[in-house]
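User: Please take a close look at one part of this model for me, the aromatic rings and what sits around them. Then carry on to whatever else the local geometry shows.

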Amino acid sequence: EKAQIGVTGLAVMGRNLARNFARHGHTVALHNRSYGRTKELVEEYGHEGSFIPSESAEDFVASLERPRRVVIMVKAGKATDAVIDEFAPLLEKGDMLIDAGNAHFADTRRREAALKEMGLHFVGTGVSGGEEGALHGPSIMPGGSKESYESLGPLLEDISAKVDGEPCCVHVGPDGAGHFVKMVHNGIEYADMQLIAEAYDLLRSVGGHSPAEIAEIFKGWNEGRLGSYLIEITAEVLKQTDAETGKPFVDIVVDQAEQKGTGRWTVQAALDLGVPVSGIAESVFARALSGDPKVRAAAANLPGPSATAGAGGDNLQADVEQALFASKIVAYAQGFQQIQAASAEYGWDIDPGAMAKIWRDGCIIRAKFLDFIKQAFDKTPDLPSLLVDDYFLDAVSGAQEAWRRVVATAAQQGIPAPGFASALAYYDGLRAKRLPAALIQGQRDFFGAHTYRRVDKDGSFHTMWGADRNEVTA
Ligand code: NDP
């Protein structure tokens with residue numbers, strides 16, 4: 001018997017994906033650079049399904065039915081290239097190499113183009129949900145050719161998370177589209193986490209609530225429109241008490257947030273595309289600020305506000321919920337705009353509503369409100385911004401007074417809330433009838449003769465700033 005699918009790279013993610021395939025009745029070929037992991041998987045989980053372990057890449061390839069489907073789940077970067085270089089010569093026309101690691105989409109585009117020349121399908125695939133997701137049903141975002149999805153899609157849909165029986169897996173688009181969308185998913189995840197952290201900080205510093213009390217507040221919010229995996233686990237983390245000291249767990253952890261880089265990639269890609277993902281950027285920068293103890297120590301005595309002007313008022317809790325929801329909508333609006341911009345730039349033809357649909361379960365940002373995002377794009381596929389969809393417009397306009405109070409309170413009391421504040425600035429920027437960008441155009445024309453357009457007639461113009469200040473047609 002031959003295997004329907006193979007997995008090479010059997011650390012925690014690869015092992016769990018392989019087990020997931022096997023638990024769904026597929027025969028799974030197994031391979032890892034060092035044989036120890038392969039042996040261990042079969043010894044510990046062999047009873048869960050049908051596995052064909054191989055020590056050599058040649059035997060592994062030979063154990064697969066054609067066209068071969070080889071999932072690569074190794075450390076992203078050089079390791080992925082090493083594995084591709086090892087396997088590509090062993091494969092035949094029409095076979096598929098599926099990179100399920102967290103690759104940068106530009107690497108995926110490069111690899112796809114190179115393997116296409118050899119007649120192979122390279123499928124860069126986003127997989128979200130961590131190790132639990134990999135085992136029990138992740139959200140899966142495959143790129144690559146349509147043809148490869150016809151052969152591979154059913155297997156991926158099989159092991160993905162399901163919402164009302166519908167798989168959290170869809171063909172995202174060609175070449176690097178899958179990894180791009182996974183990257184933006186992670187960027188949105190950064191923003192979501194930052195906003196939740198700011199909400200906690202305000203409830204604690206302004207509201208005077210204990211972590212345990214805030215855990216209860218989050219639990220309550222999780223029952224409402226904010227209902228999501230991240231809100232749920234936040235309540236669990238806040239509830240936790242350190243066994244050794246009896247202190248709240250959140251107080252014994254060093255306050256320096258780390259990152260593996262996908263948030264940074266999202267912002268870098270957004271800069272290249274010219275899409276303002278300020279919410280994601282603030283969250284990446286907030287982690288960077290937290291992680292710089294030297295500058296923080298040097299700045300620790302910078303003066304704060306003289307008096308903590310009044311507390312946040314009786315409605316603090318409700319206000320923060322509104323600010324959190326509105327800011328979250330902004331972060332998602334920005335992330336989806338980035339997906340739409342990349343789709344246009346690279347000709348990916350991504351259906352944004354389908355992305356919202358496959359993020360409803362299995363992944364870290366799974367949330368109730370993704371249903372509304374899906375509906376918004378179903379209704380208007382080329383929606384210019386989520387903020388102008390009826391549901392989100394209502395939510396944000398309903399939230400805005402509270403949102404402004406929260407941002408003002410944070411500023412008055414000296415509590416950093418870059419996520420809330422920049423989301424609000426973005427909202428006000430988008431809705432502004434006139435922006436001071438006109439003045440910037442004037443400055444640019446003054447020092448660099450960069451020209452400007454007029455509101456009242458067509459063409460480009462330049463003012464002779466250094467001479468008679470008369471306007472000329474540029
Ligand atoms: P790691 O990222 O820790 O990678 C370990 C695996 O890579 C091992 O199988 C290792 O083989 C193999 N490897 C490393 N270098 C090479 C090389 N030069 N040649 C061949 N194989 C090599 O494993 P994870 O399971 O944590 O993650 C796998 C991928 O999944 C990564 O790209 C990660 O970014 C992504 N991912 C991880 C998530 C998570 O929650 N951990 C979530 C979503 C995606 P050996 O055993 O021989 O050392």
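Analyst: Arg 366 lies over the face of Tyr 229, at 4.0 Å from the ring centre. A second arginine does something similar: the charged end of Arg 287 sits over the ring of Tyr 190, 3.7 Å from the ring's centre. The model is predicted, so side-chain atom pairs count only at pLDDT 80 or more.

Now ring against ring. A pair of aromatic rings is described by the distance of the centres and the angle of the planes. The count here comes to 17 aromatic pairs. One of them joins Phe 105 and Tyr 346. Their centres are 5.7 Å apart and their planes meet at 65°, an edge-to-face pair. Phe 105 belongs to helix H5 (residues 105-117), and Tyr 346 to helix H15 (residues 316-346). The pair therefore ties together parts that are 241 residues apart in sequence. What about burial? Phe 105 is buried, at 6% relative accessible area. Tyr 346 is partly exposed, with 27% relative accessibility.

Phe 105 also pairs with Trp 348. Here the centres are 6.1 Å apart and the planes stand at 85°, so this pair is edge-to-face too. Trp 348 sits in the loop between H15 and helix H16 (352-358), while Phe 105 is in H5, so the contact bridges parts 243 residues apart in sequence. Trp 348 is buried, at 2% relative accessibility.

Rings also gather in a cluster. Ring pairs link Phe 325, Tyr 332, Phe 369, Phe 372, Tyr 391 and Phe 392.

The loop that holds Trp 348 has another feature. Asp 349 lies in the loop between H15 and H16. Its phi is positive, about 55°, although Asp 349 is not a glycine. Asp 349 is exposed, with a relative accessible area of 70%. Asp 164 is another non-glycine residue with a positive phi, near 50°. Asp 164 lies in the loop between strand E8 (162-163) and strand E9 (166-167). Asp 164 is exposed, at 74% relative accessible area.

Next, a helix. H12 covers residues 262-273, 12 residues in total. From first C-alpha to last, H12 reaches 16 Å, close to the 16 Å expected at 1.5 Å a residue. Which residues of H12 are buried? They are Thr 262, Gly 263, Thr 266, Val 267, Ala 269 and Ala 270. Seen down the axis of H12, these buried residues fall within an arc of 165°, so they line one face of the helix. An α-helix has 3.6 residues a turn, so residues three or four places apart point the same way. What covers the buried residues of H12? The cover includes H5, helix H8 (177-205), helix H13 (278-290) and H15. H5 and H15 are also the helices that hold Phe 105 and Tyr 346. On the face of H12 turned away from its buried side are the exposed residues Leu 271 and Asp 272. After H12 comes Gly 274, with a positive phi near 70°.

Now the cysteines. A disulfide is a covalent bond between the sulfur atoms of two cysteines. How many disulfides are there in this model? The count comes to zero. For Cys 168, the nearest cysteine sulfur is that of Cys 363, 7.3 Å away, and Cys 168 is in no disulfide. The relation runs both ways: Cys 363 has its nearest cysteine sulfur in Cys 168, at 7.3 Å, and is in no disulfide either. A disulfide needs the sulfur atoms within 2.5 Å. Cys 168 is buried, with a relative accessible area of 1%. Cys 363 is buried as well, at 0%.

Two local points remain. A cis peptide bond joins Arg 66 and Pro 67, with omega about -5°. Pro 67 is in the loop between helix H3 (57-62) and strand E4 (69-72). Glu 147 is in helix H7 (residues 146-159). Glu 147 is exposed, at 55% relative accessibility. How far apart in space are Glu 147 and Gly 94? They are 9.3 Å apart, C-alpha to C-alpha, with their positions 53 residues apart in sequence.

Key
Residues are numbered from 1 along each chain as its sequence is written. Side-chain values use heavy atoms; hydrogens and water are left out. Rings of Phe, Tyr and Trp (its six-membered ring) pair if their centres lie within 6.5 Å; planes under 30 degrees apart count as stacked, over 60 as edge-to-face and the rest as tilted. Helices (H or I, at least four residues) and strands (E, at least two) are DSSP runs, numbered from the N terminus. Buried means under 20% relative accessible area, exposed over 50%, partly exposed in between (1.4 Å probe, protein chains only). A charge sits over a ring if NZ of Lys or CZ of Arg is within 6 Å of the ring centre and within 35 degrees of the ring normal. The expected span of a helix is 1.5 Å times one less than its number of residues. The arc is that of the directions from the helix axis to the C-beta atoms. Contact means heavy atoms within 4.5 Å.
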